[in-house]
Structure formats: structure tokens, C-alpha cells
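User: I am new to this structure. Please take a close look at one helix, and then show me what lies around it.

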Amino acid sequence: MNTLSNKKVGTFILSIAVWGFAIVMIYPLLWLFSSSFKHTTDVYVLAHQLIPTHFYWENYVNGFKGFAGHSFLLFFRNSLYVTVLSVIGTVIASTMAAYAFARIRFPGSSFWFACMMLTLMLPGEVLIIPQYMLFNKLDWINTFWPLIVPSFAGGAFFIFLLVQFMRGIPIELDESARIDGCGRFHFFAKIMLPLIVPAIVTTAVFKFIWTWDDYFAPLLYLNSAEKATVSLAIKSMADPTMETDWGALFAMSVLSLVPVIAVFIGFQKYIVDGISTTGLKG
Amino acid sequence: MRWLRNPDLYAGYAFILPWLIGLFVFSLFPIFFSLYLSFTDYDILSSPEWIGLGNYKEMFTDDPRFVKSAKVTLLYVFVSVPLRLSFALGIAVLLNMKLKGSSILRSFYYLPTLMGGSVAVIVMWGQLFGMNGAFNSLLKSLFGIQVSISWITDPSTALGSLIALSVWQFGSAMLIFLAGLKQIPASLIEAAKVDGAPAWQRFIRITLPLLSPVIFFNLVMGIIGGFKVFSEGMILTGGGPHDQTLFYVIYLYETSFRFLHMGYGSAMAWVLLLAVCLLTALVFRSSSLWVHYESKGNG
Amino acid sequence: MGRIKLRNTAVLLLLAIGLTACGGGNAGNAGNNTQANQTETNAPAENKESESAEPVTIRVSYWAGTQLTIDAHDNVVKLFEQAHPNIKVQSEYAPGAEYTDKILVQAASKDLADVVRVDYSQIQNYVSKGLLQPLDSFVADKTIDLEGINPLHIDVGKVDDKLYGVNIGNNALVLFYDPEKLKEAGVTPPSADGYSWEQYEQDLQAVKDKLGIYGDTHFGQSQFEIWLRQHDAKLYNDAQNGLGYDDDQLFTAFFETQLRLQKKGLLTPVAVESEIKALEDGPFPKGNSAFGGWGYWSGSHSAVVEKQLNKVVGFSLFPGSGKGAYIKPSFFHGIASNSKHPKEAAQFIEFYTNNIEAAKSLDGYFGFPYNPKVLAGVEAEFTDTQKRVRDYLELVEAQGNPIDPAAPSAGSEVSTSFKNIASEIFYEKLTPSDGAKRFREEANKALNK
């Protein structure tokens, strides 16, 4: 009895601590949200104020109307197009490659795996120029292709992640499947994939967020305003040497977070519940 | 020619084919081009000029800023990576414990990572830890200490603040740990419970070994990412004050795109690659001692 | 004789191309071209003829970081397209430092836009690398009409006596002050007839004593360059392989003054200054200091600062002799060497520079107009702020000297060195005289790479 109440008290204290810390973690979001309702001239002067004295909804109106005659609706559409296709490409190619590296002992696999790790280690900054030359040769400048097509080769980060997860799946499964006359592709699609749903969803969520947030690639490859993605459009609203409508900028920053947060909240349960729906326990 | 009849050969290459094509089409040329540039003097605007090992020689003999940037980065990696991973693991384990509202908590803990390095976060971070920021007011009201330090821009605290920021954005690592924890078969932990093993023993004996592939992943990626750290420093401090937060890649970028020594920047990139490669190889080597796999594979 | 013949054949050839191309274009989309076509048949075959009716798309890249600037530019593009129905403009923009990155990457792939916006600090480097083409022929045939303009505003765009950049508008560094605060502190506002460093220091002290606020922010490289100019020196020597001043005492004295003001508590702390993230941020626009010498430019910055403070601000030259002041072109328009439509690009530049409707729409966002004809056209619509900017620019023109030659390509490396050394001096990790030596060493090394 005594131990039980001790345990309860412990859980209670833990909950308080975890929740208290959580509040600290979301402070920035609250701050951003509140700033998005402040008048532009107040953003810096009244930076410490968490609850604005006046709510300037105009920030959202002014921001949403975008620029060069294109509203944020178009930018959201562009971002969604690029992001969704990139996620699909990354998930397909990465799980395939990861399966080969984790489960198939084919000649050259160590070599290619090492190559893949090496591509992760080179700072991308020195690849900008040759990559641009390449896409320029392909005549892909000012199209979405440079942002989408490379995703269909998967990503080294995600391949490595999925490899690590697949290697946590008992090998006996493969053997029993082989005895059952289950082919490689069949095993991959029907048995392996369902088992690593948490990792696949993690991959998809990360890729979604990273592509959505990326502004440097869109900045380089997209020239015209009607092609701008949300992150690029927001970046184009702030310049430290020019007049900036900070209220509108923050309002659009809040809006741009909506899809990412929605994706995260919508998919996180698959990260958590994935395994329980499979029959691994047996 | 027996290996040609190995069915695994075809299956293996069929599965990695999309990645392999991508490597050849999109990555190989840029990678080798940058290797070539590292032996040249290249100002981006005119053609590269071959100078052999000149860039590498200058780096190690005649460039105090290079040395400074290497030191700053090493310090950053060795402090921030262990801190962030322990944080991420600790919180992941807590969130895995079915506390009330754990799904909301997960979202709260992940939000800072979602917000990434947006303009808003930078402005906010500045006003939180600025000289008249919320943090200093908190210190004053809680402990009565009058602090007038601007945490991000003061030479003695700037690097520490960037480390704090990176620890605060532990969400990605946490999420990967969570996914890993969820993959541990509940039956194993139940069995240990029946055996009467206390919670901490179950954690050390079962959870940690089974989680080790994921810990390994987070460690390797943490090291690689740590050495390549760029945007956090670039947007918050720009490497300043007087190079106190001059991360390796910030200097590389500055050299390549501001000073127009792209050849030198490329050489720096390849030196970084070698260093990170060696370190990662060490971690991979050590993995046989502490990483527990259900199946044998590469690595 | 031979040359004239050649030119005639060239004109004939152009005409032929223009006509055939025009026919082809009509077959494709007749509706669009009728208007352009008519002007061609009506106009006598002369100069204008090479403005063929063939639809042409030109790319224009510009520096823009806000909705306001993008919309202002876009408006000019619309007006231009109305005036030249056969030319379509595709605008590309990037904010802040990313603009330079993008230009570099495009240049490496020979993929620059037809019309490129270039900063004064880069023009020399771009020209020496062959990225821009000379515009003299377009000026000669009045495609770009620069007649009646003070050569002072044109010659800044010349490299080796050829014009590569057309000035977009004028700008000058300014020392803002808050008239209300100065009055409260009993300080007479800086006089246009001369404002000494001693007086400046006394004024800062008075502001601190009476109001308990800071006087100003620290001065940096741009103010140091003004200081050098006041002593008949400059940052780079003529060969651009070393510093343009021989006496390190100049460097030492400049920083000793700053350090003295800092120690008296007259300047905002360095740490606070490095927290500044935007134009709207910072001690002066927030009302925490009486002077704003933080390197503001007279152009669009004055409007931003006045809006933020919600009051009229004063414009002053920096302390010391007025001969240190100079007028800087805010940006240049140049035409890329890889441009396939230089003629149309030149027409765009002409429109942007000289069209009165365009100037009205731009509203001085990218620098103050300098063409007397344009000025006369827009003057009636000047806001009070713009009138003060105009008066200030006139003051600078009267007292100052022409701008120093553009920085060499190692300039940004030298600036980084300057910034780091200044920071160490202000954090009292380095004495001004040691800083002077180190700056000379590092600058020489960078300039001789």
C-alpha cells in the first residue's frame, strides 16, 4: 500500500516536471503567435509582451496577399506539391535501399554503404556550384524538378536510419519466410514494411518538415515569384537592410507552421502505435 | 563466375537501383568536381587554376582562422552531442511511460524542432537571452542577481548559448528514440517484469541493448551533423563576436562565397570529410562492442 | 569608309531578321503582336527599328527582401511591359546576402539574368571577370539617355573609362539625431556648417547627464572610411594591394576616441549592438539613444526610422570635416555579358532610370533620383521625409568629395578582419595600437593573395 502511494507521488512529481518543462519548450511558439498579432512598430519595442495590447488581424490579411500579385495560397500550393512528391520519392527509394543494405548480402554492398555514408559527410556548401551547373545543363532552372527529382534517389540519412531499424528485426523471420517459399520482394512488401512502420513514418515526417522548411534550394533554383515556396516567400519578406512588415512576416510564419504541425500530430500516433498492430509478439 | 549466379546479387542491386542512379546522376559529378577544385585557385567568376596542394598547405601552416574554427567546432561537437542525446533519450523514455496526455507532451517537446531556424526563432532567441531579455529578468526576480550579459553576443557565453540552442532542439533525436522504443517487443519487457527485475534493471538489461542500433544511429548522425553545423551559428551570431563561434562550415562558406576562395573552401570540405570519416569509422569499429543487432549486415 | 559600309549592311541584316522574325511571330500568336506590328509599319525605318516586334523575354534580377520592394519593382515592370508590348520581363529576386550567393552561382554557370543589379562594392570585380558588358554604345545611341545628368552620378559606374553600371539612385551615410531629445538635453542640433568631434563628444555627455540615455552607437568601418577621408586618406591604396593610409596613428586615434566614449558610458554596449537584427531594431529607432550613427543610409532608412519612432528625425553629416562625406550609388543596373537581348535589357534600364511614372512608383525605394528631368517630374509628390533626404544629399554634394574607388575583390576579407579587430578592441582584449598593427598585417595578407 505504502509503496503504491509512493509510486503515485513519484509519478505525480514526474508529471509536473515533464509538463513544466513542456511549457518552457513551447514558449517560442506562444511568442511567435502573440507577435503575429502585434503592430509592426511594436514587434521590437514590446518584444517582451506575451499578450498583445491590441490584436492586429490586418497582419494576416497583409501577409496573405503576398507579393507580385501572387497570394500565399499559391505559395502554399507550390510548397505542398514539392513536399508531397519529395516525401513519396524519399520513402520509396530509401526503404528499398535500406532493405538491401540491411538484409541482402550482395557483392559490393559494404562498398556502396561506405559511399553512402561518405556523401553524408561532405558539407553541401561546396556542392552548390557544380549542382547548379548540372541542373542548368538539364535546363531545370526555374522548375520544381531540382527540388523533387533527387528525392526519388532516397536520402542517405533516411537509408541509414531505416537500416538501423531493420537490423533490429529478428533474422529468424527471414528464414521462416524463406521456408514458407516467400520471395524477396514479397517478404519486403508484406512482412518487413509493416514491421518498420514507425521508422517509415519518422522518415516521412522528417522529410516533410525539412523540405517544407528549406529555403536555400528554392532560392537558388526558383526564379519567378509565381514559383516561390512558402519558406522562400517568408524569407523574401525580411531583409535586415530594408523596411520589413514584421507583423505580416510573423503572421505568415504562423500559417506556415500549420501544415507541419498538422502532419506531425496526425502521424505521430503511427510512430507510437506502429508495432502493436503487427503480429511480432507471437 | 559463380558469383554472377548469386541471386542476391541481382536482388541487392535491384533494391538499391534508385539510390545508385541518383548517386551517379546527381552526386558523383558535384563531389568529384569539388575534389578537383580543392587543388585549384578558384574565385567562382573565372576558371579554376591548378595549384596542387597549395590550399591544404596554407590551411595547416598559415591560417589562424582555420585553426580557430576547427577548435570551436570540436568543442561544440563534444559538448552538444552527448548532451542532446542524453536529453533526447531521457525525455523519450519518460514519454514512453504512458503519462497523462503523453501525445500532447510529445508534440510540445517536438515543437522547437519543428520551428527550426525560422526568422521568428532568431528574433525570439535574441529577446529571450539579450541583455534586457526575459532570462536576465528571471534571474533577477528569482535570485536577485543583477546580470547584464547578452548571452548570445558576449564573447564568453556565445558558444555556450549556441550549444544550449542545439540541446533545446533535441526533438528529432527524441522522435527516433521513441520510434526505437516502440519497436522493442513488449513481450520481452513483460517477461523481465514477471522475473521481478526492477525498472532500472529492465532498462539497462533489455531496453538499452535493444535500443542500441538506434542509439548508434543518433550518435553517428549527431557527430556528422555536429561537424557540419552551420545555419544556427550563421543566423544567430554569424561566427562572431570576433570568431568565438566561427564554426568550421561557417568559415568554409565565408571563404568560398564571401572571399571568393572556392578552391580553398573545397579543400576545407575534404579535410572535414577525412576527419569526420576517421571519427565515424572509430565509432563503427566500436559498435561491435556495444551495439546489439538482431541480424548481421554491413557496417 | 569601310566601317560605314559595314554598319549599313548590319542595319539591313537586322531589318531583314526583324521582318522575318516578325512574320514568324505573327503566325504564332497574332493577337499579341498586332499593336507592336503597327508601330513597326508606321514608324520610319530608323533607330527604333531594331526594337523588333519579335516577342522577347528578358530576365531581370534584383535585390529585394520585402513585400514593399518587390511590389514597387513589379509595378515598374508592368509599366514597362505596357510601353514595350513585345518585351516580357521575368523578374528574379533574392533578399540580403543570399542575392550575392545567387548571382555568383548563376555567374559560374554563365546563367546571369540579362539585367543584373550590382552593388558598388562588386562592380569592379564583376567587370574584371568579364561578367558585364559595356553600355557606352547604348548611351551613345540614346537607348539609355543620360543627357543633362551631372557626370558625378554617372561616372561612378565606369571601370577603365567604360560605363558598366547605370546608377539606380543616390544614397549617403547619415548621422540621424532625435531633435526632441537634443532639445530636452539642451543641446543645439549639429550645424550644417561644421560639427566637430569635440562638440559631438560634449553633446553625447550632455545627453547622458540630462536624460540618462545613451548618446550613440559605436562607429564601424564605414565611419572609419569617412574619418580617413577627412584626413585625405582612404582605406585602399590606388594599386589596391595595400592600405591607403601610412600612419597607423589614424586607426589608433579613431578607436581611442570610440573606446573613451565607451568607457564614459556614452555609447550603447557592444553586446546590445550585436543583438540588432533589423532596421526597425536597435537603440536609435527604439528611442534609446539620441544619435543614430549606426551606418544608416539616407534613402529608405530615413522613412523606416521615422515610422518606427513616429517623429521627424534630423539629418547630420558625421562629426569632423564635411569633406569626408560622399554620395554612393545605391545600386547599379548592368547588362550581363551572356545576355542574348542586350538591346531590350538597355531599354529596361532606360525606363527604370528615366521614366517619370516608374520613378513615382519606385518612390525612392532603391535610392534617390538624380536625373534633373525625373526630379522635376516627381518633386511635386515628395513627402516631407523625401524633401529632407533631398536637402541632405545636396549638403553632401556641396561639402563632400567623390566616392573612393570600389573595394577590390579581397574587400570582404578585409572587412571581416576589421570587424573582428574592432570587436576585440571594444571588448578590451586588444589595444587600439596593437589593433592597428594587426589590421595592417591581415589586410596586406588578404590583398596580396
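Analyst: What follows starts with one helix of chain C and then turns to chains A and B. Keep in mind that this is a predicted model.

Start with helix H4 of chain C, residues 96-108. Of its 13 residues, 10 are buried, so the rest of the structure largely encloses this helix. Which residues of H4(C) are buried? They are Glu98(C), Tyr99(C), Asp101(C), Lys102(C), Ile103(C), Leu104(C), Val105(C), Gln106(C), Ala107(C) and Ala108(C).

What do these buried residues pack against? From chain C come strand E1 (56-63), strand E2 (87-94) and strand E3 (115-118). Chain A adds H6 and helix H12 (216-221). Chain B adds helix H12 (248-258). After H4(C) comes Lys110(C). Its phi is positive, near 50°.

Now to chains A and B. Here 80 residues of chain A are in contact with 80 residues of chain B. Several helices of chain A each supply at least two residues of the side that touches chain B, among them H1 (2-35), H6 (128-137) and H14 (246-273). H14(A) gives the largest share of that side, 12 residues. By type, the side of chain A that touches chain B divides into 59 nonpolar, 13 polar and 8 charged residues.

One residue of chain B makes a last stop. Ser86(B) lies in helix H3 of chain B, residues 64-95. Ser86(B) is partly exposed, with 13 other C-beta atoms within 10 Å. The C-alpha atoms of Ser86(B) and Ile163(B) are separated by 14 Å, and the two residues are 77 residues apart along the chain.

Notes: Residues are numbered from 1 along each chain as its sequence is written. Chains are lettered from A and ligands numbered from 1 in the order in which they are written. This is a predicted model: local features need pLDDT of at least 70, side-chain atom pairs count only at pLDDT 80 or more; totals for chains, interfaces and linings use all residues. Helices (H or I, at least four residues) and strands (E, at least two) are DSSP runs, numbered from the N terminus. A residue is buried if 20 or more other C-beta atoms lie within 10 Å of its own, exposed if 12 or fewer, and partly exposed in between; C-beta atoms are placed from the backbone. Two residues are in contact if their C-beta atoms, placed from the backbone, lie within 7 Å. Ala, Val, Leu, Ile, Met, Phe, Trp, Tyr, Cys and Pro count as nonpolar, Asp, Glu, Lys and Arg as charged, and the others, Gly among them, as polar.
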